[in-house]
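Please open the model in your viewer with the ligand displayed, and follow the selections below in order.

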Amino acid sequence: MERIYITSPLYYVNAEPHLGSAYTMVITDTLARYYRAHGWETFYLTGTDEHGDKIAQAAAEARMDPKAFTDQVSTTFRAAWDTCGFTYDHFIRTTDAYHIRYVQELLTKVHTTGDIYFDRYSGLYCFGCERFYTPKELRDGKCPDHLTEPKLIEEENYFFRMSKYQDRLLRHLEEHPDFIRPENFRNEVLAMLREPIGDLCISRPKSRLTWGIEIPFDQRYVTYVWFDALINYVSALKYKGEEAFQKFWSEAEHFIGKDILKPHGVFWPTMLMAAGLPLYKHLNVHGFWTVEGQKMSKSLGNVISPLAMKEKVGLDAFRYFLLRESVFGQDADFREESLTTRYNADLANNLGNLISRVLAMEEKYFDGVVQPLGQMWAKEDQELRDRFRQSEEELSGHMAQLQFHRALEAVWAAIDQANRYIVQTSPFVLIKDPAKRGRVGEILHHLLEALRMLSHMLAPFLPETSKEIKDLLNLSEGASDHQSPWGSFFMPDHKIKPPKALFPRIELPAELDDPQS
Ligand code: MSP
């Protein structure tokens with residue numbers, strides 16, 4: 001049986017869920033649903049990253065004890081993801097006892113083999129990133145992410161001999177061209193590996209930070225947050241049992257945003273090498289979302305909340321927009337106007353109208369009862385079936401390449417064909433001639449087949465809509481009915497439900513309304 005292990009990053013609990021975190025969840029949830037539906041054994045992991053300076057500071061600002069604070073925010077995250085219906089199999093918190101134990105086990109192992117050593121170090125430290133910077137990495141002497149000047153810190157710490165694994169990682173990337181994808185991010189990591197990467201400072205003295213996993217061989221220190229958080233991808237599987245680890249680890253597909261490429265592309269694989277563990281299968285890197293062309297930030301007040309979007313347009317429309325509007329790996333821009341345009345054109349018009357028209361005709365002409373298909377199919381009938389077959393094939397190719405926008409384009413090509421088929425065959429005209437009633441029944445049968453296939457193809461992307469379509473067709477939820485060949489599924493006495501408008505149009509001010517749609 002084929003398997004896949006899908007991971008999202010662990011979200012810092014110093015902010016509420018927003019468009020950026022929701023995007024990674026939408027992608028990973030879509031993939032998990034897709035592979036599950038195709039019979040793959042799937043394990044989908046998400047969770048929260050709860051240690052380190054950033055979180056300690058957020059807890060202090062909230063005047064709360066860090067554990068009580070992280071309990072609260074982690075619960076908010078989990079509740080938000082549950083409200084969004086994301087189908088993760090396990091939710092890990094880096095404060096979970098099993099995770100802490102595993103991190104300490106791994107630290108001890110790497111320390112014993114000599115790949116962790118103690119040293120005095122002075123360097124430029126960015127508190128926002130919680131890491132040391134080399135002068136070369138800075139932009140005008142400032143942290144390129146936080147645009148603040150790092151502080152010169154001199155202290156004794158533990159170091160991970162990361163440099164020892166540099167050549168091996170470089171070779172791995174050269175031998176596995178799709179280890180990090182898309183290619184531009186692979187090239188970024190290759191460039192990092194063609195310069196000395198140095199060793200990684202993996203401890204923080206308790207004198208300046210206590211909120212972390214204690215270094216098991218020195219109680220004066222806690223673990224650097226990345227050397228703790230990254231290990232979740234393995235600790236979660238180990239928690240599920242050795243069998244889960246054996247089954248899934250080699251199938252690991254990590255999904256991250258481009259800002260955390262270095263920890264995942266350099267720290268993590270070298271850590272795995274030092275721990276004697278196999279490397280993950282792929283690192284999949286997505287771009288950043290801006291909002292109306294601007295960076296999303298609390299101070300600008302433009303943070304998009306997935307829960308607010310659920311209220312406003314519904315989760316499926318939000319998912320559709322994120323997946324259709326962006327190209328995986330590239331940056332994208334969130335605009336209410338584009339969302340409304342896509343909603344009205346693609347969801348309300350093309351998809352919503354198709355569903356309600358077909359169901360309304362079946363209801364009106366045949367009381368909702370599916371009519372039999374004859375032996376002979378017209379050219380249009382065959383073209384409709386062929387277009388759906390082709391779309392299904394294209395969809396699986398695009399999913400393998402993480403081209404979600406293309407996969408949706410393929411589904412919409414089938415939707416367009418179904419709408420065209422209604423115009424070509426004009427059942428609403430034919431029905432006026434009693435001699436053509438049989439043909440009208442056949443046309444609607446083909447269209448109901450189209451809806452059945454759509455409910456299957458749309459399921460990973462628009463799960464609620466897919467469920468609604470199935471329900472309207474009066475199909476049981478778990479049935480693997482999509483496997484039945486076109487034309488052989490509906491029994492002659494099958495009765496569908498009355499029509500329903502799935503995506504009511506969003507009314508726009510007159511000047512914004514698109515006359516084409
Ligand atoms: N805690 C680390 C990850 C540790 S993984 C072992 C972290 N957390 S985060 O909450 O800051 O970010 C979580 C994810 O959200 C990252 O993949 C990040 O790239 C993504 N995004 C945050 N803002 C984003 C956008 N504006 N657009 C797209 N994704 C963005 O980093």
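## From the ligand outward

Begin with the ligand and D49, where a polar side-chain atom of D49 lies 2.7 Å from a nitrogen atom of the ligand. Keep in mind throughout that this is a predicted model.

Next, add L10 to the selection: here a polar backbone atom of L10 is 2.7 Å from a nitrogen atom of the ligand. Then select D259, which places a polar side-chain atom 2.5 Å from an oxygen atom of the ligand. How much of the ligand does the protein bury? Taken alone the ligand exposes 660 Å², and the protein buries 91% of that.

Now widen the selection to the shell of 21 residues that surround the ligand, in which the closest are L10, D49, D259, G257 and W289. Coloured by residue class, this shell divides into twelve nonpolar, seven polar and two charged residues. Which elements give two or more residues to the shell? They are β1 (3-12), α7 (225-229), α8 (232-240) and β11 (252-257), and the largest share, four residues, comes from β1.

## Along β1 and its partner

Select β1 by itself and then show its surroundings: eight of the ten residues of β1 are buried, so this strand is largely enclosed by the rest of the structure. Add strand β2 (residues 41-49), which pairs with β1 in the parallel sense over eight bridges. To find one of these positions in the viewer, pick T7 and look across to L45, its bridge partner in β2.

## The open sheet

Move on to a sheet of four strands, which is open and runs in the order β5-β4-β6-β8 with antiparallel pairing. Its edge strands are β5 (131-133) and β8 (200-201), each of which pairs on one side only. Strands of a sheet pair through backbone hydrogen bonds, either parallel or antiparallel, and showing the backbone atoms is therefore a useful choice of display at this stop. Select strand β6 (residues 151-160) together with β8, and you will have an antiparallel pair joined over two bridges. Within that pair, F160 has L200 of β8 as its bridge partner.

## A bent helix

For the last stop, select helix α13 (residues 336-366) and turn the view until its axis lies across the screen. Where along α13 should you look for the bend? The helix bends by about 35° at G352. Following the chain beyond α13 brings you to D367, a residue whose phi is positive, near 60°.

Notes: Residues are numbered from 1 along each chain as its sequence is written. This is a predicted model: local features need pLDDT of at least 70, side-chain atom pairs count only at pLDDT 80 or more; totals for chains, interfaces and linings use all residues. Side-chain values use heavy atoms; hydrogens and water are left out. A residue is near a molecule or strand if one of its heavy atoms lies within 4 Å of it. A polar contact is a pair of N or O atoms within 3.5 Å; within protein, one must be able to donate a hydrogen and the other to accept it, and residues adjacent in sequence count only if both atoms are side-chain atoms. Accessible areas come from the Shrake-Rupley method with a 1.4 Å probe; for residues, only the protein chains shown count as cover. Ala, Val, Leu, Ile, Met, Phe, Trp, Tyr, Cys and Pro count as nonpolar, Asp, Glu, Lys and Arg as charged, and the others, Gly among them, as polar. Two strands pair if DSSP finds at least two bridges between them. The bend at a residue is the angle between axes fitted to the seven residues ending there and the seven starting there. Buried means under 20% relative accessible area, exposed over 50%, partly exposed in between (1.4 Å probe, protein chains only).
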